[in-house]
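Visitor: I would like a close look at one part of this protein, and I am happy to be walked through it slowly. Could you start with an overview and then settle on a single region?

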Amino acid sequence: MNTIIIEDEKPSARRLQRMLSALDMETKTMLHSVEESIHWFQNNEHPDLIFLDIQLSDGLSFEIFEAVEIKSAVIFTTAYDAYALQAFKLNSIDYLLKPIDDDDLAKAIKKYRERLPQKQAVTLDFNDIKKLLINPIDREYKKRFSVKVGQHLKLINIDEIECFYSENKGTYLYTSDGRNYLLDTTLELLENELEPQTFFRINRKFFVNINAIKDMVSYTNSRLQIKLNSYNDGEVIVARERVKDFKTWLE
């Protein structure tokens, strides 16, 4: 199977290449920009499968499809939240949320291989997808959460919450007064409910509130360690694949 990776962050591209190699999928070509990709597709035989980052250094990767008729299957790799990715579901496009998990990658490849007989050129509704990725429609985000305390229900306003995290198959919120509460939801569902300018998913297990960040420190393997105002139950680390988006979010 001929596979290529289009990703502007070279460490992320190399990591994905290693993950694919472990699944017996060799990737010899890696591209890093819209311009480079367009030129490559115009002068090379198209691969069977493309792993494609949405946001490249010189624009959205959809510009590649607008310039060249792509004849390959595509799995998008992205740090966009689940709300924006509704557009991909509507267009029957597969995606992997960064940082990419080994199990998720294996499932996506298995799904691709099972659909091989029906492989078709990629068709995208660019307008619908761009609307969600560039200018999301106005929508209401959650302003409070209800949590169970014994036999009682307690309301917690969103501005009281420092972070959300998953632990031992449970999802918790942590408040500015140093208390945590179990929620009846998942981090994936929370991505649709949290205001993206206030909360950021720094890794697969943690959302942080920008107003609760006390300090940020360089950490091993090009990661960042976050210090929150009250939370001290464990290290809060921005995954290497999310550092670039995290810094953009801070601004």
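Visitor: How many helices and strands does the protein have? After that, please take me through one sheet: in what order do the strands β2, β1, β3, β6 and β7 lie, and which residues of the largest nonpolar core touch the most other members?

Guide: Gladly! What you see is a predicted model, in which local features need pLDDT of at least 70 and side-chain atom pairs count only at pLDDT 80 or more, while totals for chains, interfaces and linings use all residues. Residues are numbered from 1 along each chain as its sequence is written, and side-chain values use heavy atoms, leaving out hydrogens and water.

To your first question: there are eight helices and 17 strands. These are DSSP runs numbered from the N terminus, with helices being H or I over at least four residues and strands being E over at least two. Of the 251 residues in the protein, 46% are buried; buried means under 20% relative accessible area, exposed means over 50%, and partly exposed lies in between, with a 1.4 Å probe and protein chains only. The accessible surface comes to about 13900 Å², and carbon and sulfur atoms hold 45% of that; such areas come from the Shrake-Rupley method with a 1.4 Å probe, and for residues only the protein chains shown count as cover. Contacts (heavy atoms within 4.5 Å) often join distant stretches of chain: among those with a separation of 6 or more, 56% are between residues 24 or more positions apart.

Now to your sheet. Strands of a sheet pair through backbone hydrogen bonds, either parallel or antiparallel. Here five strands line up as β2-β1-β3-β6-β7 in an open sheet with parallel pairing. Its edges are β2 and β7 (94-97), each of which pairs on one side only. On average, neighbouring strands are turned by 20 degrees against each other, direction ignored. As for terms, two strands pair if DSSP finds at least two bridges between them. Angles run from 0 to 180 degrees between N-to-C directions, along lines fitted to C-alpha atoms, for helices over the stretch in contact.

Start with β1, residues 3-6. Thr3 and Ile5 point one way and Ile4 and Ile6 the other, yet all of them are buried. On one pairing, β1 joins β2 (residues 27-31) in the parallel sense over four bridges, with Leu31 of β2 as the bridge partner of Ile6. To get from β1 to β2 the chain passes through helix α1 (residues 10-22), making a right-handed β-α-β crossover. Right-handed here means that, with the strands pointing away from you, the path from the first strand over the helix to the second runs clockwise.

Ile6 also has a bridge partner in β3, namely Leu52. β1 and β3 (residues 49-53) are parallel and share four bridges. β3 in turn pairs with β6 over five bridges, again in the parallel sense, and there Leu52 stands opposite Phe76. Helix α2 packs on this sheet, touching β1, β2 and β3, and its direction makes about 130 degrees with that of β2. Helix α5 (residues 102-114) packs on the sheet too, touching β3, β6 and β7, with its direction at about 170 degrees to that of β7.

That brings us to the core. A nonpolar core is a set of buried Ala, Val, Leu, Ile, Met, Phe, Trp, Tyr and Cys residues joined through side-chain atoms within 4.5 Å. The largest one has 19 residues, and Ile6, Phe41, Ile50, Leu52 and Ile64 touch the most other members. At least two residues each come from β1, α2 (34-43), β3, α3 (62-67) and β6 (73-78), and α2 gives the largest share, four residues. Ile64 makes a nice landmark to click on: setting aside residues up to four places away in sequence, Ile64 touches Ile6, Val34, Ser37, Ile38, Phe41, Leu52, Leu56 and Ile70. Apart from this core lies another, of 18 residues, including Phe200, Val208, Val238 and Phe246.

If you want a path to retrace, follow Ile6 to its partners Leu31 in β2 and Leu52 in β3, then go from Leu52 across to Phe76 in β6.
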